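Here's a quick tour of one protein fold, written for someone who would rather be at the bench. Have a look at the structure first.

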Amino acid sequence: MPHYLTEPAFNHGYTPKTGVLLLNLGTPEAPTAKALRPYLKQFLSDRRVVEIPRAVWWLILNGIILNLRPKQSAEKYASIWSQEGSPLLVHTRKQASLLKGLLGMQGQQLVVDFAMRYGNPAVEDVIQRMRAQGVERLLVLPLYPQYAASSSGTALDAVFRTLLKMRNMPELRTIRHYHDQPGYIAALAASVREHWQKNGRGDKLVMSFHGVPRYTLDKGDPYHCECLKTGRLLAEALELSGDDYVVSFQSRFGKAEWLKPYTFDVLRSLAKQGVGKIDTICPGFAGDCLETLEEIAIEGKELFLTSGGKDYRYIPCLNERPDWIAAMAELVTANLGGWIATPDDANMRQLRARACGAKH
Ligand SMILES: C=CC1=C(C)c2cc3[nH]c(cc4nc(cc5[nH]c(cc1n2)c(C)c5CCC(=O)O)C(CCC(=O)O)=C4C)c(C)c3C=C
Ligand SMILES: [Fe+2]
Ligand SMILES: [Fe+2]
């Protein structure tokens, strides 16, 4: 008998295992120039991230950027590094573990894991490990709420490249974005309301998203529109008028024009206009990381206060919030139809109530 016919998949009564793989960007191994160099090299050699002609870019990257940026970035990482490690890795690991716990309550045969586009744990290694655990169906969720070719796109490329090399590949489903998912929007809104209850309400809510080069919008990347939609839905959930909030874009890299308005320009001009007290939130990041903790919570605050602003408050990312983990579970189970027995509405409410310790 051919070997494959004795494989468990062909035996009666065998249920293939389903894997849920969370993807994130990746982070250096340590907050040092030595660790930053290979991380930045891998990141900035990605053609989805830097689209200028290779020969020119190779010279700029190796001649200038990799000589200067590792030290500068390492100092920034050092200012936000925690006892447990890089916040991005710490939050992603905890999110995967909490999601696994929550989905496990449903009694499903699910393997939940996470991988990083750059650095470790690498996408290929994690998928191979999941296959070795018997995963035959794979659902991939990049943790970026809004799709950009330079974030979710390249993360999914890494999955596709891995499968491209496999003889016996798993079934595959991918989630492109969740910028308008009700559970995600509700968790963001709840985090803002809780912040207001505790600290009082600011005069303006600044919603800062990671930027991308302006030419990517002109070439058809949906990222800009998805950020604006998230902003609008969050404003609606909070019953804000157009004057109460502003959407802006941070983390500009290089000389080209990026999506506008730039967050730092907005902060400076709000302070100069006499808007004394502002709240800032970064809805485009599922967990806190360098870009939120250093750039927005630290640098943004300094800029606002030295420009004449009085009070600057940063609202943390969704991180391990139970309502966000429940939203993730909903997002995942909504995409598992036919693979596992997906919960009906009553089950889903129960799952959410268990996650949040509250009635829904
Ligand atoms: C939220 C989605 C992200 C998009 C879109 C994105 C595009 C993008 N980023 C760079 C360059 C850098 N980004 C860096 C850090 C960084 N970027 C994101 C997310 C998106 N990037 C995150 C979550 C982080 C933080 C990582 C961490 O370890 O905490 C960095 C590295 C740090 C530094 O040296 O500044 C660079 C470089 C480009 C060029 C780009 C789109 C073209
Ligand atoms: Fe980035
Ligand atoms: Fe747009």
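What follows covers the sheet, the helices that lie across it, and the nonpolar core.

Bear in mind that this is a predicted model.

Let's start with the sheet. It's an open one, built from four strands in the order β2-β1-β3-β4 with parallel pairing. At the edges sit β2 (110-116) and β4 (171-174), each pairing on one side only. Going from one strand to the next, the twist averages 20°. Strands in a sheet pair through backbone hydrogen bonds, either parallel or antiparallel. Here, β3 (residues 135-142) and β4 run parallel and are joined by four bridges. Look for Leu-138, whose bridge partner in β4 is Leu-172.

Now for two helices that lie across these strands:

| Helix | Residues | Lies across | Angle |
|---|---|---|---|
| α3 | residues 87-104 | β1 (17-24) and β2 | about 170° to β2 |
| α5 | residues 149-164 | β1, β3 and β4 | about 165° to β3 |

Next, the core. Nonpolar side chains tend to be buried together in soluble globular proteins. In this model, the largest nonpolar core has 88 residues. Helix α3 gives the largest share of this core, eight residues. Domain 1 (3-25 + 86-177 + 321-356) and domain 3 (182-315) each supply at least three residues to this core.

Which residues have the most contacts inside the core? They are Leu-21, Leu-23, Leu-99, Val-140, Leu-141 and Ile-325. Take Leu-23: leaving aside residues up to four places away in sequence, Leu-23 touches Ala-115, Arg-117, Val-123, Val-140, Leu-141, Pro-142, Leu-143 and Ala-155.

Note on methods:
Residues numbered from 1 in each chain as written. Chains lettered and ligands numbered in written order. Predicted model: local features only at pLDDT ≥ 70, side-chain atom pairs only at ≥ 80, totals over all residues. Pairing = 2+ DSSP bridges. Helix = DSSP H or I, 4+ residues; strand = E, 2+ residues; numbered from the N terminus. Axes fitted to C-alpha atoms, helices over the stretch in contact; angles between N-to-C directions. Contact = placed C-beta atoms within 7 Å. Core = buried A, V, L, I, M, F, W, Y, C linked by C-beta atoms within 7 Å. Buried ≥ 20, exposed ≤ 12 C-beta atoms within 10 Å, placed from the backbone. Domains from an automatic or database assignment.
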